[in-house]
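Visitor: I would like to learn how to read a strand, an interface and a single residue in a model such as this. Could you take me through them in turn?

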There are 2 protein chains.
Amino acid sequence: MKDIYNKIVDCQLFNGVSDIERLLSNFDVIIKKYNKDEEIIGYGDNVKILIVISGSLLTVSEDWQGNRNVISHIGKSGIFGVAHVFSNSRSTARVVCESDAEVAIIGIQKAYQDFLSQDYGKFIHNALLIVSNNCISFLEKVEHLSRRSMREKIISYLQACRSKQSSDEFELSFLRQDMADYLAVDRSALSAELSKMKKEGLIDYKKSWFKIKFNGLIK
Amino acid sequence: MKDIYNKIVDCQLFNGVSDIERLLSNFDVIIKKYNKDEEIIGYGDNVKILIVISGSLLTVSEDWQGNRNVISHIGKSGIFGVAHVFSNSRSTARVVCESDAEVAIIGIQKAYQDFLSQDYGKFIHNALLIVSNNCISFLEKVEHLSRRSMREKIISYLQACRSKQSSDEFELSFLRQDMADYLAVDRSALSAELSKMKKEGLIDYKKSWFKIKFNGLIK
DNA sequence: ACCATTTTGTTGTAATTACAACGGATTTAT
DNA sequence: ATAAATCCGTTGTAATTACAACAAAATGGT
């Protein structure tokens, strides 16, 4: 128990909670190790809150033709599932390991009786902040996906990266295929368009390093 | 004040709150009437929580070419802005009136001192449920938008409608142009594809009434 | 250093979609 | 009821993107 505590104490979910161990004792918590590409949550599964202790995860879905949609990337200390738990939704996507990973799986069902304790209140408040941020990043993805051309999608995405990193240069957390699947375009077409944009002097890049060379609106 | 109370007491945000008036006294609340097409929140605006008393709203964004992206539809009793408020984000979209509308605008900033009162706890908990549901519907929109063809987008969208209404027949809350902007496709192309799908016997529709005639996966 | 594997870029072609322009249908206002 | 305005469907053409197939580059393991 002490062990579990140490592994997840840093998570935003427990900010300001004075007695984390007591709070955790109201939850079902297990720590589990997964291998690269292993599935943690599948289509239609009941969702529990996941906290990434090491490694990273991807939430993805595939259509019947095999096209993959990368919904989000969850890095170290990242959290998945809060929205699902509190909206009582099953998963419409899969959560898979991008690399070997260690994950804390938290079931909060049995905690509802303890509802009004101060710590539970903080927990709920933290959860609210997390889901809200989550919500905003989905809005951001919606923004990219609703662009009417591939170039617009790319620009929208790169601008978001720039504003997150507050710099014109940054490393993406995506490889090309992942980036293509995130933007819902064909990988080779993405490569072609990126290279065209490089030729036109709009951007520079090498692998996952990118540099934006335009300012506001383009073309 | 009593007046304001009566207009928004039914909102999910106040479920289980024993003394709503006292809670509201910690907030800044105003009620405002808007005309069709009027803008309530603009790009980059600071966001307050909106509760729709009458009429309906759309959240939209436009790209520099004038393409409109309909992000979500907010009907009577609908709520906007909770995620923005708690994630401390400014708006990247506009909120406009789909029809004449009456809206409660709630600023919660000054309530933070009252943080641990029971009612505030319930309020936060309600907010969490709302944002979580919100989050799931954005995930749903992401799911539609990431389909690789227009037909797939349409099918994904109609299936979501079916499952929300638990019926193969339903009325959309969107006109064609709105539906096209929600799915990020051209309106006339959408009309053409819908009519092709009708010819193929996959669906039937007339204006905003739709009937799904397929079961699982198509073609 | 070498091979196997993975990742990325290139190109031509086929398929899809945007776009423009128009006509018909439906709704609203007077 | 009629005109005006809005909404919806149709069609042909131009532009974009997917797709397949392959080449080049980078990476990892031995």
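Guide: We will go from a strand to the interface and end with one residue, keeping in mind that this is a predicted model.

Visitor: Where in chain B does strand 8 lie, and are its residues buried or exposed?

Guide: A residue counts as buried when its relative accessible area is under 20%. Strand 8 of chain B covers residues 101–107, and 7 of its 7 residues are buried, so the strand is largely enclosed by the rest of the structure. B:Ala101, B:Val103, B:Ile105 and B:Gly107 point one way, while B:Glu102, B:Ala104 and B:Ile106 point the other way, and the residues of both sets are buried.

Visitor: Which strands are joined to strand 8 of chain B by bridges?

Guide: Strand 1 of chain B (residues 28–34) runs antiparallel to strand 8 and is joined to it by 7 bridges, with B:Lys33 having B:Glu102 as its bridge partner. Strand 3 of chain B (residues 49–54) is also antiparallel to strand 8, through 5 bridges, and here B:Leu50 is partnered with B:Ile105.

Visitor: Turning to the interface, how much area do chain B and chain A bury between them?

Guide: The two chains bury about 4,200 Å² between them, and 69% of this is on carbon and sulfur atoms. Of the area that chain B buries against chain A, B:Trp64, B:Leu128 and B:Arg148 supply 17%, more than any other three residues. In terms of contacts, 46 residues of chain B meet 46 residues of chain A.

Visitor: How many salt bridges and polar contacts should I look for between chain B and chain A?

Guide: There are 2 salt bridges between the chains, one of which brings together the side chains of A:Asp181 and B:Arg148 at 3.8 Å, N to O. Polar contacts link 8 residue pairs, counting those with both residues at pLDDT 80 or more. Strand 5 (68–74), helix 3 (82–87) and helix 4 (118–145) of chain B each supply at least two residues of the side that touches chain A, and helix 4 gives the most, with 18 residues. By class, that side of chain B has 23 nonpolar, 13 polar and 10 charged residues.

Visitor: Finally, what does the side chain of B:Asn69 make a polar contact with?

Guide: B:Asn69, which belongs to strand 5 of chain B, is buried, with a relative accessible area of 3%. Its side chain makes a polar contact of 2.8 Å with the side chain of A:Ser146. Beyond its neighbours within four places in sequence, the residues in contact with B:Asn69 include A:Val142 and A:Glu143 from chain A, and B:Thr59, B:Lys141 and B:Asp181 from chain B.

Technical notes:
Residues numbered from 1 in each chain as written. Chains lettered and ligands numbered in written order. Predicted model: local features only at pLDDT ≥ 70, side-chain atom pairs only at ≥ 80, totals over all residues. Heavy atoms only, no water. Buried < 20%, exposed > 50% of the residue type's maximum accessible area, 1.4 Å probe, protein only. Helix = DSSP H or I, 4+ residues; strand = E, 2+ residues; numbered from the N terminus. Pairing = 2+ DSSP bridges. Contact = heavy atoms within 4.5 Å. Buried area = accessible area lost by both parts, 1.4 Å probe. Salt bridge = Lys/Arg side-chain N within 4 Å of Asp/Glu carboxyl O. Polar contact = N/O pair within 3.5 Å; in protein donor to acceptor, adjacent residues only side chain to side chain. Nonpolar A, V, L, I, M, F, W, Y, C, P; charged D, E, K, R; others polar.
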